[in-house]
Amino acid sequence: MVNGRAYAKINLTLDVTGILENGYHSIASVMQTISLYDEISVEKNQAGEIRLFSDGGKFADGMPLDKKNTCHKAARVFLEHIGSKDGVDIHIKKDIPSQAGLGGGSSDAATVLRLLNRLFETNLDYDELRRLALEVGADVPFLVTGGCALCEGMGEILTPIEKGLTGYVLLVKPDFGISTPEAYRLFDEKKLPYGNSSEAVINSGSFHGLLSNDLEKAVANPEILKLKEDLVRHGASDSLMTGSGSCVYGLFEYERLAKHVGRMCREYTTKGVYVPVSSEEVAES
């Protein structure tokens with residue numbers, strides 16, 4: 001059995017930049033992994049099947065343990081790629097909430113690819129793992145290695161950013177989720193302009209005052225907007241909805257303040273509040 005951590009991500013920018021020939025939206029997004037994680041274990045089985053098991057966690061309830069889970073798809077893609085008929089058991093301890101914009105399912109899938117590469121001793125390099133990852137989902141290639149990077153296209157065109165986010169991130173997850181298809185549908189329905197905040201971040205070399213999310217503008221949820229305002233009012237240097245939501249984060253220089261504000265924010269959510277360090281690296285975890 002091999003084990004690993006699947007780290008969550010936040011979007012520091014998320015620009016919708018167009019629509020691709022396959023009908024999917026193209027994006028430009030600066031993504032950063034943070035230290036909130038799921039725990040994944042994989043091992044071979046004698047059944048010749050891909051089997052998923054829940055090892056608990058704060059958000060294990062409702063997690064699919066069949067083909068709907070991205071881990072199942074990641075395992076199938078990997079095994080087909082190496083031509084193996086072996087079965088694998090995948091154990092997931094789920095501490096990243098779903099429909100939050102934190103990339104939990106995508107990170108679980110990326111971690112499964114890395115762990116299977118170790119389990120089967122196939123020595124695939126990161127470029128090859130990312131090619132497999134794109135077959136699973138849009139955010140999965142970035143989460144193969146994590147860190148901080150500009151992600152373009154469907155998320156598969158990666159430009160690492162050496163100086164990532166520092167400090168502390170307070171995550172506040174409201175008691176509702178937002179599906180990614182719904183967020184993009186609203187973006188199209190409202191005919192919002194394509195963003196260019198990622199370019200501004202790259203050119204300036206700083207995140208301060210430049211956080212932006214086109215899908216947040218599309219969703220325009222009053223509770224999310226209030227959460228952002230309250231986080232800044234209580235000391236966050238900036239705040240944004242991550243991904244397609246519904247999780248909102250605030251950036252803090254000091255852990256003590258982030259934890260203090262986190263305790264104050266518990267009134268807004270029944271889904272949990274977290275204070276992870278934001279600069280965690282994922283590769284080889």
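At what angle do helix α2 and helix α3 pack, and how far apart are their axes? In this predicted model, α2 covers residues 104-119 and α3 covers residues 126-136, and the two helices pack at an angle of about 140° with their axes 10 Å apart. Angles over 145 degrees would count as roughly antiparallel, and α2 and α3 are therefore oblique to each other. Their crossing is right-handed. If you want to look at the contact itself, pick out Ala109, Leu113, Arg114 and Asn117 on the α2 side; they meet Leu129, Leu132, Ala133 and Val136 of α3. Sorted by class, that contact of α2 with α3 comes to six nonpolar residues, one polar and one charged.

Now stay with α3 and bring in another partner. Helix α1, residues 70-82, packs with α3 at an angle of about 130°, and here the axes are 9 Å apart. Once again the verdict is oblique, this time for α1 and α3, and α1 passes α3 in a right-handed crossing. From α1, the contact takes in Thr70, Lys73, Ala74, Val77, Phe78 and His81, while α3 brings Glu128, Leu132, Glu135 and Val136. The class count for α1 with α3 is five nonpolar, two polar and three charged residues. It's worth clicking on Leu132 and Val136 here: they are among the α3 residues that meet α2, and they also belong to the contact with α1.

Before leaving the helices, have a look at the loop between α2 and α3, where Glu121 sits. Glu121 isn't a glycine, yet its phi is positive, at about 50°. Is Glu121 buried or exposed? With a relative accessible area of 65%, Glu121 is exposed, since the cut-off for that label is over 50%.

Further along the chain there's another residue of this sort. Lys191 is in the loop between α5 (180-189) and α6 (197-204). Lys191 has a positive phi of about 55°, again without being a glycine. Its relative accessible area is 75%, so Lys191 counts as exposed too.

Next, the strands. Strand β3 runs over residues 25-45 and holds Ser41, and Gln32 has its place in β3 as well. Why does Ser41 count as buried? Its relative accessibility is 14%, and the label applies under 20%. What does Ser41 touch, leaving aside residues up to four places away in sequence? The list is Met1, Val2, Asn3, Asp89, Ile90 and His91. With Asn3 there is also a polar contact, side chain to side chain, at 2.6 Å.

Gln32 has a relative accessible area of 2%, so this residue is buried. What lies 2.8 Å from a polar atom of the Gln32 side chain? That would be the backbone nitrogen of Leu165. So in β3 you can follow the side chain of Ser41 to the side chain of Asn3, and the side chain of Gln32 to the backbone of Leu165.

One last stop is a backbone detail. Go to the loop between β10 (238-241) and β11 (248-252), which is where Ser246 lies. The peptide bond leading from Gly245 into Ser246 is cis, and its omega is near 15°.

Definitions and conventions:
Residues numbered from 1 in each chain as written. Predicted model: local features only at pLDDT ≥ 70, side-chain atom pairs only at ≥ 80, totals over all residues. Heavy atoms only, no water. Axes fitted to C-alpha atoms, helices over the stretch in contact; angles between N-to-C directions. Helix = DSSP H or I, 4+ residues; strand = E, 2+ residues; numbered from the N terminus. Parallel < 35°, antiparallel > 145°, perpendicular 65-115°, else oblique. Left-handed = near helix turned anticlockwise from the far one by under 90°. Contact = heavy atoms within 4.5 Å. Nonpolar A, V, L, I, M, F, W, Y, C, P; charged D, E, K, R; others polar. Buried < 20%, exposed > 50% of the residue type's maximum accessible area, 1.4 Å probe, protein only. Polar contact = N/O pair within 3.5 Å; in protein donor to acceptor, adjacent residues only side chain to side chain.
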